[in-house]
Amino acid sequence: MPEHIKKKLQEEIKQLEHELTHELPAEIKKAVALGDLSENAEYHMAKQRQEFVNARLGQLKARMAELALVNLANIPKDRIAFGSTVTVYDTTKDEQIEYKLVTSEESDVNQGLISTTSPIGRSLIGKQVGDMATVVTPNGKRELEVLKLSTIHDEAE
């Protein structure tokens, strides 16, 4: 897992855990002191926030576990996969585009960083130079021809 992604997720987990163990209990205690809980908006908002924070923490911890399982030895050296930089020719738009396949946390289409789970990323996974990929997007189908490939292994050397 890229170190900056791990750090970003850990920071968010730390912040949410602090909110869950320190800030929210204080808000709930203050709201309870106001009296009747059935019509106490502060109490209900604090409880809703507590549920949201618990759910988000679960998501973040599950994502950390998923990313920890990424093993570079399992990433192919001759096909498009996570970490690959690929130049494609988009026959629909008549242009060359360079993409780097990254995690969903890193994706930024404007910078050419696309998630492996995006429609384009999924269609390119497993392809080699010379292969065609059909991408189904909200704007219709696009045909991409793989012109150049640099895997995560090539970039590590």
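Me: Which residue forms a salt bridge with D90?
Reply: In this predicted model, a salt bridge needs a side-chain nitrogen of Lys or Arg within 4 Å of a carboxyl oxygen of Asp or Glu. For D90 the closest N and O atoms of the pair are 2.6 Å apart. D90 belongs to strand β1, and its partner lies 52 residues away in strand β5. That partner is R142.

Me: Is D90 buried or exposed?
Reply: Buried means under 20% relative accessible area, and exposed means over 50%. D90 has a relative accessibility of 0%. Its partner R142, at 12%, is buried. D90 therefore counts as buried.

Me: Which residue meets R49 in a salt bridge?
Reply: The N to O distance in this pair is 2.7 Å. R49 lies in helix α2 and its partner in helix α1, so the salt bridge ties together parts that are 30 residues apart in sequence. R49 is partly exposed at 31% relative accessibility, while the partner is buried at 8%. The partner is E19.

Me: How many residues apart are E17 and K61?
Reply: The side chains of E17 and K61 meet in a salt bridge, with 3.1 Å from N to O. E17 is in helix α1 (residues 3–33) and K61 is in helix α2 (residues 41–68). E17 is partly exposed at 33%, and K61 is partly exposed at 44%. The two are 44 residues apart.

Me: How many salt bridges does the count come to?
Reply: Side chains of opposite charge can pair when their charged atoms come close. Among the pairs here is D90 with R142. The count comes to five.

Terms used
Residues numbered from 1 in each chain as written. Predicted model: local features only at pLDDT ≥ 70, side-chain atom pairs only at ≥ 80, totals over all residues. Heavy atoms only, no water. Helix = DSSP H or I, 4+ residues; strand = E, 2+ residues; numbered from the N terminus. Buried < 20%, exposed > 50% of the residue type's maximum accessible area, 1.4 Å probe, protein only.
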